[in-house]
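The report below describes the fold, the core and two strand residues of one protein chain, and is best read alongside the model itself.

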Amino acid sequence: MTSISRRDFLAFLCLAILFTLNLAEAQDRSKLIPIGPCAQIPDCSKACNNSGFTKGGKCIKWYPNSIKDTCACFVNSLTPSV
């Protein structure tokens, strides 16, 4: 059997950290509901509050390679009735 070199170990460790960070970002988005592009919504958090999302919202890149930000509202424990 061959032993793993220090360089290979560090490369594997870096990949594992990057993969974990991407999963954490995806989990954060699971508690958000997108309502539209931030360019068309002057105050994202206020728009979310007015829509019944009492925790407000924020502009984020919905996909990692997105060019434009999306207004996303934080999900309440009980989502607003429509």
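## Fold, core and contacts

In this predicted model, residues 24 or more positions apart account for 49% of those contacts in the protein chain that have a separation of 6 or more. The protein chain contains 2 helices and 3 strands, and its elements, read from the N terminus, follow the order α-β-α-β-β. Of the 82 residues in the protein chain, 21% are buried, while the accessible surface amounts to about 6700 Å², with 62% of that area belonging to carbon and sulfur atoms.

The largest nonpolar core consists of 7 residues, namely Cys 38, Ile 41, Cys 44, Cys 48, Phe 53, Cys 71 and Cys 73. At least two residues of this core come from each of α2 (44-50) and β3 (70-74). In soluble globular proteins, nonpolar side chains tend to be buried together.

Thr 70 lies in strand β3, and this residue counts as buried because its relative accessible area is 17%, which falls under the 20% cut-off.

The table lists the contacts of Cys 73 and of Thr 70, leaving aside for each residue its neighbours up to four places away in sequence.

| Residue | Residues in contact |
|---|---|
| Cys 73 | Lys 31, Leu 32, Ile 33, Ile 35, Cys 48, Phe 53, Gly 56, Gly 57 |
| Thr 70 | Pro 34, Gly 36, Pro 37, Cys 38, Lys 58, Cys 59, Ile 60, Trp 62 |

Among the contacts of Cys 73 are Cys 48 and Phe 53, both of which belong to the largest nonpolar core, and the contacts of Thr 70 include Cys 38, which is likewise one of the residues of that core.

Definitions and conventions: Residues numbered from 1 in each chain as written. Predicted model: local features only at pLDDT ≥ 70, side-chain atom pairs only at ≥ 80, totals over all residues. Heavy atoms only, no water. Core = buried A, V, L, I, M, F, W, Y, C linked by side-chain atoms within 4.5 Å. Buried < 20%, exposed > 50% of the residue type's maximum accessible area, 1.4 Å probe, protein only. Helix = DSSP H or I, 4+ residues; strand = E, 2+ residues; numbered from the N terminus. Contact = heavy atoms within 4.5 Å. Areas by Shrake-Rupley, 256 points an atom, 1.4 Å probe, with all protein chains shown as cover.
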